[in-house]
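User: I should like to study a protein model through a series of questions. Please reason through each reply before giving the result.

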Amino acid sequence: SRSVFDAAATAASAGTRSRFGVHSGRQVVHSSLQSTATVATSQLRDLPAFVPRTQVGIAVGTAVLTTLLLLALIRPLPSSKKESSMQNLRSRRRSLAKVYTLVNVLYTVVGCYYLYGLVVHKGIWTSTATTALERAMNGPFSLGVIFGATQAGYSLWSVLVDEQDAQPGKRWRDEKSIMFLHHLFTIFCGMLMATGTLGYRVYGPFFFGVVEVSSIPLSLRKVLAKGRQFGYESCKLAFVLSFLIARILLWSYFAAFLFHDSIRAISMSAVLGRKAVLVPILGTFPLW
């Protein structure tokens with residue numbers, strides 16, 4: 001595995017100079033946390049599994065603040081039976097749908113912006129000179145915070161509000177255990193992306209950003225009254241098209257790269273050390 005990485009690092013170093021250095025003249029829009037092209041093979045094992053404690057604290061704080069901010073945006077649950085009218089419940093559900101729509105729009109726009117930079121300016125997935133280990137380790141800490149930490153907070157918020165809205169006498173996680181597990185795994189992977197050395201942060205803009213485009217029509221449909229037939233039906237069509245493009249075609253493309261990168265990282269476990277243990281968790285994220 002050492003010789004495999006040496007060859008990959010040499011090729012990556014040459015490609016990095018030509019694509020990101022003075023020779024190419026391109027402006028790099030995303031700085032690298034630590035390029036594997038400049039890290040000696042003997043140093044990889046000594047790299048810590050996680051970012052410094054200060055950055056871990058920033059990631060955790062961002063996730064908590066995201067949850068609290070979203071909780072502050074929604075209409076509170078009725079405090080008495082008198083207030084628990086159908087109209088108040090509908091109003092709360094509509095406020096939830098508005099927050100979901102707003103958050104999904106933000107993730108889609110910001111995700112598209114960063115993904116464009118990674119594809120066009122860096123050629124992360126289009127250049128043969130970019131190695132699997134580069135994609136695993138490259139990507140600034142800010143990407144992990146913007147997408148990983150905030151998605152963790154967003155998923156925690158989803159668990160909390162859905163638990164509150166569960167039917168009396170029933171627990172939401174009992175009714176929708178699959179979605180509950182999905183949210184828990186998203187929280188875990190989001191924080192791991194933000195804090196891990198092998199965080200696969202370059203995949204954050206797509207898996208934690210762009211894919212939310214298909215969720216916009218679903219939440220928007222709940223905002224619109226069923227009386228507005230044209231808007232209601234348009235949301236259905238928009239959902240089908242966005243789901244096909246984002247969650248089937250593009251998802252398959254990026255998931256294939258992530259699976260490939262994970263397998264390569266696991267094969268280099270002798271070089272990476274204990275950090276490779278975390279790879280299967282993030283590598284299988286698309287399945288969740």
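User: What share of the contacts in the protein with a separation of 6 or more comes from residues 24 or more positions apart?
Analyst: This is a predicted model. Contacts with a separation of 6 or more are taken as the whole, and the part sought is that of residues 24 or more positions apart. That part amounts to 81%.

User: How many helices and how many strands does the protein have?
Analyst: Read along the sequence, the pattern is a run of α elements. The count is therefore given by helices and strands under the DSSP rule. The protein has 13 helices and zero strands.

User: What percentage of the residues in the protein is buried?
Analyst: A residue counts as buried when its relative accessible area is under 20%. The protein has 288 residues, and the buried ones make up 47%.

User: Which element gives the largest share of the largest nonpolar core?
Analyst: This core has 47 residues, and W125, L133, W157, Y200, F206, F207 and L272 touch the most other members. Elements that give two or more residues to the core include α4 (86–121), α6 (141–164), α8 (177–195) and α11 (229–267). The largest share is eight residues, and the element that supplies it is α4.

User: How many residues are in the other core, which lies apart from this one?
Analyst: Among the members of that other core are V51, A59, M191 and A194. M191 and A194 are also among the buried residues of α8. The number of residues in this core is nine.

User: Where in α11 is the kink centred?
Analyst: Helix α11 has 39 residues and reaches 54 Å from its first C-alpha to its last, close to the 57 Å expected at 1.5 Å a residue. The kink in α11 is about 45 degrees. Among the buried residues of α11 are F254, L258 and the residue on which the kink is centred. That residue is W251.

User: What distance does α8 reach from its first C-alpha to its last?
Analyst: Helix α8 has 19 residues, and at 1.5 Å a residue the expected value is 27 Å. The reach of α8 is close to this expected value, at 27 Å.

User: Is the aromatic pair of Y114 and F147 stacked or edge-to-face?
Analyst: Y114 and F147 are both buried. Their rings are 5.8 Å apart, centre to centre, with 90 degrees between the planes. Planes over 60 degrees apart count as edge-to-face, so the angle decides the class. The pair is edge-to-face.

User: How many residues apart in sequence are the parts that the pair of Y114 and F147 ties together?
Analyst: Y114 lies in helix α4, whereas F147 lies in helix α6. Because the two rings belong to separate helices, the pair ties together parts of the chain whose separation in sequence is 33 residues.

User: Which class describes the ring pair of Y200 and Y203?
Analyst: Y200 is buried, with a relative accessible area of 1%, and Y203 is buried at 2%. Both residues belong to a cluster linked by ring pairs, which also includes W125, F206, W251 and F285. The ring centres of Y200 and Y203 are 6.2 Å apart and the planes stand at 50 degrees, so the pair is tilted.

User: What is the value of phi at Y200, a residue other than glycine?
Analyst: Y200 is placed in the loop between α8 and α9. Most residues other than glycine have a negative phi. Y200 instead has a positive value, near 50 degrees.

User: How far apart are the C-alpha atoms of D261 and Y200?
Analyst: D261 is found in helix α11 and counts as buried, at 0% relative accessibility. Leaving aside residues up to four places away in sequence, D261 touches A132, R135, Y200 and Y203. Although D261 and Y200 are 61 residues apart along the chain, their C-alpha atoms are separated by 9.1 Å.

User: Is N138 buried or exposed?
Analyst: N138 has its place in the loop between α5 and α6. N138 and T197 are 59 residues apart in sequence, while their C-alpha atoms are 8.9 Å apart in space. The relative accessible area of N138 is 7%, and because a value under 20% is the criterion, N138 is buried.

Terms used: Residues are numbered from 1 along each chain as its sequence is written. This is a predicted model: local features need pLDDT of at least 70, side-chain atom pairs count only at pLDDT 80 or more; totals for chains, interfaces and linings use all residues. Side-chain values use heavy atoms; hydrogens and water are left out. Helices (H or I, at least four residues) and strands (E, at least two) are DSSP runs, numbered from the N terminus. Buried means under 20% relative accessible area, exposed over 50%, partly exposed in between (1.4 Å probe, protein chains only). Contact means heavy atoms within 4.5 Å. A nonpolar core is a set of buried Ala, Val, Leu, Ile, Met, Phe, Trp, Tyr and Cys residues joined through side-chain atoms within 4.5 Å. The expected span of a helix is 1.5 Å times one less than its number of residues. The bend at a residue is the angle between axes fitted to the seven residues ending there and the seven starting there. Rings of Phe, Tyr and Trp (its six-membered ring) pair if their centres lie within 6.5 Å; planes under 30 degrees apart count as stacked, over 60 as edge-to-face and the rest as tilted.
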